[in-house]
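Dear colleague,

Please find below the sequence and structure that I am handing over to you. My notes on the aromatic side chains follow directly after.

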Amino acid sequence: MPVEVTWWGHATCTVEDSGVRVLTDPLFVRRLAHLRRRRGELPPPDAARAEAVLVSHLHSDHLHLPSLARLAPGTRLVVPSGAGRSVPGLRRLVSSAGLRVTEVAPGDEVRVEDLVVRAVPALHDGRRLPVGPHRSPALGYVISGEARTYFAGDTGLFDSMADEVGPVDVALLPVGGWGPYLGHGHLDADRAAQALVSLAPRAAVPVHYGTYWPIGMDGIRPHEFYAPGEEFVRKAGRLAPQVAVHRLVHGERVRPEAAR
């Protein structure tokens, strides 16, 4: 399994397969509204280099226009259907930055050189908050090349997850968030470990935790910031011991097959 995964923090990852770089939900800032990056250095400029960028949903910490502005002209940008209508700034950015945008819905496929990217459903509020209309679905993506890598975006557990995603080799799963409480439509460490049971990947990487936290809330349930990665490793070991789990630090990369 020659795929290589780099976790830059939050939901931002680089997946390199067959010599093609795919970047997920890029967020390259120290502060976003009420959120402050509390762990890890900002990703280096090279992190913005990719043949394709996948955006899972329209929340500002996943579709972040200033971060997308760092992409090179000609980069393929894959976004949920309706994103252009819901986020007018995206249309302006695409025009000024020379990005090639493709809107997708669950089941759609996009070819990126030697890779095929398939959009899959996610259980999450995909609107542009706080008041955006329900025009765009939240998505996950399966990146298929020499390996099959599932980037879940933000999602809760749902009954048809394994059927919708299909067989995968690597799963990049959210295990936390940016606040002390995770509501409906999210995975915590326990639910993410349960997802491994049905998905049955060969390897997993926990993401979406331990990066951003609301300003002024440092002392409120701090274990919800620090603990999800370790909790996921522990619970996955109990529920899905056949899955090799790689808990990365910010900026670390792994070749899941080589690390087994």
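The notes below concern aromatic rings and their surroundings.

Please bear in mind that this is a predicted model. The structure holds 3 aromatic pairs. One of them is formed by Trp 213 and Phe 225, whose rings meet edge-to-face, with 5.5 Å from centre to centre and 75 degrees between the planes. This pair links distant parts of the chain, as Trp 213 belongs to strand S15 (residues 212-214) and Phe 225 to helix H6 (residues 223-226), 12 residues apart.

Phe 225 takes part in another of the pairs, this time with Tyr 226. The arrangement of Phe 225 and Tyr 226 is again described as edge-to-face, with centres 4.9 Å apart and an angle of 85 degrees between the planes. Through such ring pairs, Trp 213, Phe 225 and Tyr 226 are linked into a cluster.

As to solvent accessibility, which members of the cluster are buried or exposed? Trp 213 has a relative accessible area of 1% and is therefore buried. Phe 225 is likewise buried, because its relative accessible area is 1%. Tyr 226, at 42% relative accessibility, counts as partly exposed.

Finally, a charged group should be noted at Phe 225: the charged end of Arg 38 sits over the Phe 225 ring, 4.9 Å from the ring centre.

Yours sincerely

Notes:
Residues numbered from 1 in each chain as written. Predicted model: local features only at pLDDT ≥ 70, side-chain atom pairs only at ≥ 80, totals over all residues. Heavy atoms only, no water. Phe/Tyr/Trp six-rings, centres within 6.5 Å; stacked < 30°, edge-to-face > 60°. Helix = DSSP H or I, 4+ residues; strand = E, 2+ residues; numbered from the N terminus. Buried < 20%, exposed > 50% of the residue type's maximum accessible area, 1.4 Å probe, protein only. Lys NZ or Arg CZ within 6 Å of the ring centre and 35° of its normal.
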